[in-house]
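Work through the exercises below with the structure open. Try each task before you read its solution.

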Amino acid sequence: MDIYAPKKTLLAALERAQHASDPKSAVPVLANALLLAEGGTLSVTATDLYRAASTTLDVEVSRAGSIAVPAKDTCERVKAMPDGPVQITADGTTVLIRAVGKKRGYTVHGLPAQDFPMLPQPTDATWTVIAASLLLRLLSAVHKMISTDETRAHVNSALLSGDGITLRAVATDGHRLGLVAAAATLAGEHLVPLAAVHDLRRLLGDLAEVEIAIVGPCLFLRAPGLLWSTKLVDATFPPWEQVVPKREKFATVNRAALAEAVKAVGVAASDKTGGMVFSLGAVLSVTAESAETGSAHDEVAADWGGEPCKVGLNGKYVLDALDAITTDDVRISVLGELDPVLVLPSEGDDTFVCMPMRI
């Protein structure tokens with residue numbers, strides 16, 4: 001194999017492959033990216049047997065061929081190249097990477113292409129077109145609410161739930177819940193694992209429009225020059241509708257002011273629990289107290305006509321909800337010390353629930 005490729009596009013393809021590879025796997029080839037050069041194109045593919053990414057780019061092919069190269073090492077070496085064309089030559093399992101017209105060059109040791117696993121393909125798929133920015137907004141709003149406990153697969157994932165008109169993204173770790181929605185025609189309920197959510201958020205920022213298809217246990221995403229897939233989680237997501245309380249009374253608070261107060265008070269909150277007391281009355285006051293770090297207090301204006309009430313919350317969970325909201329003001333519902341707290345944008349149906357904690 002002998003190819004010449006622009007550094008910028010080659011590096012982008014290798015970075016996608018690196019994220020889909022598994023350098024810790026007991027199967028050595030899963031730490032590699034498969035390079036396949038033929039007919040004026042180079043495809044760069046990687047998989048960890050759960051996720052897969054394949055990028056196709058136009059290159060100058062002097063000699064067709066294929067080889068599996070270490071994804072991380074190859075990416076780092078291409079990144080270290082000066083701007084301009086990069087040549088990759090493979091003879092046997094030895095791969096030479098060099099900057100065209102420069103002295104800089106590297107060698108890496110590859111594996112035979114036939115060692116690379118077969119990947120799932122979207123055969124007979126029905127594709128749904130969706131704006132990349134829309135899907136990115138949904139996943140970005142809830143990704144912090146996904147549980148990081150890999151032994152609980154049903155919550156170590158985000159739920160994409162669509163009826164063909166509205167697409168909802170829901171995530172929970174048992175302590176808080178995020179629910180956001182947008183108009184999209186993707187139908188069905190699909191559990192996307194956390195690692196795949198991270199991948200999608202990286203991919204979608206560089207794309208304008210994508211197509212999505214569900215084939216068997218896999219979700220496929222394609223765009224010009226890209227085919228990406230992930231195995232969906234075969235589990236039942238918690239009944240999230242039962243977690244979201246029905247409320248009628250809300251306090252209106254400036255989002256930025258509240259976020260600033262929570263960050264300031266968080267300096268004195270317990271590192272272990274992040275616990276703060278939110279007291280709603282003529283103002284919304286935020287306090288924290290720790291035997292090790294002392295105490296802190298701040299207040300923000302609140303439009304609230306109900307009875308005074310207070311609740312203990314993890315300040316980080318409140319900040320995550322505020323970060324996911326884009327309106328200038330937020331609506332907050334607090335009933336008492338044992339009741340969940342609702343944080344909503346001033347307009348729209350997005351919903352964030354924070355469970356109370358004893359402080």
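A nonpolar core is a set of buried Ala, Val, Leu, Ile, Met, Phe, Trp, Tyr and Cys residues joined through side-chain atoms within 4.5 Å. Buried means under 20% relative accessible area. The model is predicted.

**Exercise 1.** Find the residues that touch the most other members of the largest nonpolar core.

Solution. Start with the core itself: it holds 102 residues. Next, pick out L42, V44, I88, W228, L258, F278 and L284, which touch the most other members. Then look at helix 3 (residues 132-142), which gives the most to this core, with 7 residues. Finally, locate a second, separate core of 12 residues, with L159, L177, V244 and V353 among them. In soluble globular proteins, nonpolar side chains tend to be buried together.

**Exercise 2.** List the contacts of I88, leaving aside its neighbours within four places in sequence.

Solution. Begin at the start of the chain's numbering: I88 is in contact with M1, D2, I3 and L10. Then add L35, V95, L96 and I97.

**Exercise 3.** Trace the open sheet of 8 strands and explain why strand 6 and strand 10 each have a side without a neighbour.

Solution. Write down the order: 6-2-3-4-17-16-15-10, with antiparallel pairing. Strand 6 (65-70) and strand 10 (128-131) stand at the edges, and each has a single partner strand, so one side of each lacks a neighbour in the sheet. On average, neighbouring strands here are turned by 20° against each other, direction ignored.

Now zoom in on one pair. Strand 2 (residues 32-38) and strand 3 (residues 41-47) pair in the antiparallel sense over 5 bridges. A37 has L42 in strand 3 as its bridge partner.

Technical notes. Residues are numbered from 1 along each chain as its sequence is written. This is a predicted model: local features need pLDDT of at least 70, side-chain atom pairs count only at pLDDT 80 or more; totals for chains, interfaces and linings use all residues. Side-chain values use heavy atoms; hydrogens and water are left out. Two strands pair if DSSP finds at least two bridges between them. Helices (H or I, at least four residues) and strands (E, at least two) are DSSP runs, numbered from the N terminus. Axes are lines fitted to C-alpha atoms, for helices over the stretch in contact, and angles run from 0 to 180 degrees between N-to-C directions. Buried means under 20% relative accessible area, exposed over 50%, partly exposed in between (1.4 Å probe, protein chains only). Contact means heavy atoms within 4.5 Å.
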